[in-house]
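Visitor: I should like to learn how the features of a model such as this one are read. Where should we begin?

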Amino acid sequence: MKFFNTTMIAAAAIGSFAVAQAADLKVATVNQQRLFRDYYKTHEANAEMTKMRQEVDDEVKKRVEKIQPLEKELQEMQKRAQDPSIADKTKKELVEQFQLKQNEYVALRKELQEFANRKQRALQEQNLVKRNEILGDIRKLTDELAKDGKFDLVIDSSAVSALGTQVFLFAKPGLDHTEAVLKKLNANAPAGFDPNKSAAASETPAKDSEPADADKKAELKK
């Protein structure tokens, strides 16, 4: 599942950290990106999304295979109509038949395009829902960490700036509580779960299963 990077303004973030130190506030850090990556629910969601994408891809493939014979038939009709030896009456009939078949072909391609687009949007929405649920779990345990440890400030050590550079270049190892939060996140993980052996938690956008332009029409020379 694709993880979004926390975008922060470096100057403001560093300034907040400096204020925290100056005021002798109690500070903790967690690597939110790692928490997301190694959470068992992220791996489950990733496997589920992969399965759903494959099902959509399979359905699109089936629909394309049903259209291909019609496309081949149109090509053959076009070739016959170009034969100079056929009578004008026969050619006219071919043109009429071609137009009917072409209309059917275009309708099927349009239906296929709409199906693929609709399924792709559904996958993207489902991916967003799963991601937000996982981030909600992380936020809840981070809040509990702050409350139980009486921390005044909990910083995401994986935060990056708008330029993609790391915001926090250094923090004392003792401030990091990622392992403690991760342990709680995976408290109910399936037996034997190992994030290092499971499928990668990162997820690419749903595959483009869109067929070629459904409005593309073959031309039958008269």
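Guide: We begin with a definition: helices and strands are DSSP runs, of at least four residues and at least two residues respectively, numbered from the N terminus. The model itself is predicted. In these terms, glutamine 75 has its place in helix α3.

Visitor: Is glutamine 75 buried, partly exposed or exposed?

Guide: Partly exposed covers the range between the cut-offs of 20% and 50% relative accessible area. Glutamine 75 has a relative accessible area of 47%, and therefore counts as partly exposed. Its C-alpha lies 9.4 Å from that of phenylalanine 98, a residue 23 places apart from glutamine 75 in sequence.

Visitor: Which residues have the most contacts inside the largest nonpolar core?

Guide: In soluble globular proteins, nonpolar side chains tend to be buried together. Here the largest such core has 16 residues, and Leu35, Ile134, Ile138, Val181 and Leu185 have the most contacts inside it. Two or more residues come from each of β2 (27-30), α2 (32-38), α3 (40-81), α4 (88-148) and α5 (178-185). The most, five residues, come from α4. Apart from this core lies another, of 14 residues, which includes Val56, Leu70, Leu74 and Ala116.

Visitor: What does leucine 185 touch, leaving aside residues up to four places away in sequence?

Guide: Leucine 185 touches Leu35, Tyr39, Tyr40, Asp137, Ile138 and Leu141.

Visitor: How many residues of each kind, nonpolar, polar and charged, are in the lining of the largest pocket?

Guide: The lining divides into six nonpolar, two polar and three charged residues. Among the lining residues are Val30, Ile138, Arg139, Asp143 and Ile155. Helix α4 supplies the largest share, six residues, and the space in this pocket is about 270 Å³.

Visitor: How should salt bridges be read?

Guide: Side chains of opposite charge can pair when their charged atoms come close. The count in this model is nine salt bridges. One of them joins aspartate 143 and arginine 139, with the closest N and O atoms 3.1 Å apart. Both residues lie in helix α4, four residues apart, about one turn of the helix. Aspartate 143 is partly exposed, at 40% relative accessible area, whereas arginine 139 is exposed, at 53%.

Visitor: Which residues do salt bridges that share partners join into one network?

Guide: The network consists of Arg34, Arg37, Asp38 and Glu179. Within it, the side chains of arginine 37 and aspartate 38 meet at 3.1 Å, N to O. Aspartate 38 has a relative accessible area of 6%, so this residue is buried, while arginine 37, at 42%, is partly exposed.

Notes. Residues numbered from 1 in each chain as written. Predicted model: local features only at pLDDT ≥ 70, side-chain atom pairs only at ≥ 80, totals over all residues. Heavy atoms only, no water. Core = buried A, V, L, I, M, F, W, Y, C linked by side-chain atoms within 4.5 Å. Buried < 20%, exposed > 50% of the residue type's maximum accessible area, 1.4 Å probe, protein only. Contact = heavy atoms within 4.5 Å. 1 Å grid on protein atoms, 1.4 Å probe; cavity = no way out; pocket = protein on both sides within 12 Å on 5 of 7 lines; lining within 4 Å. Points joined across faces, edges and corners; volume = space filled by probe spheres on them. Nonpolar A, V, L, I, M, F, W, Y, C, P; charged D, E, K, R; others polar. Salt bridge = Lys/Arg side-chain N within 4 Å of Asp/Glu carboxyl O.
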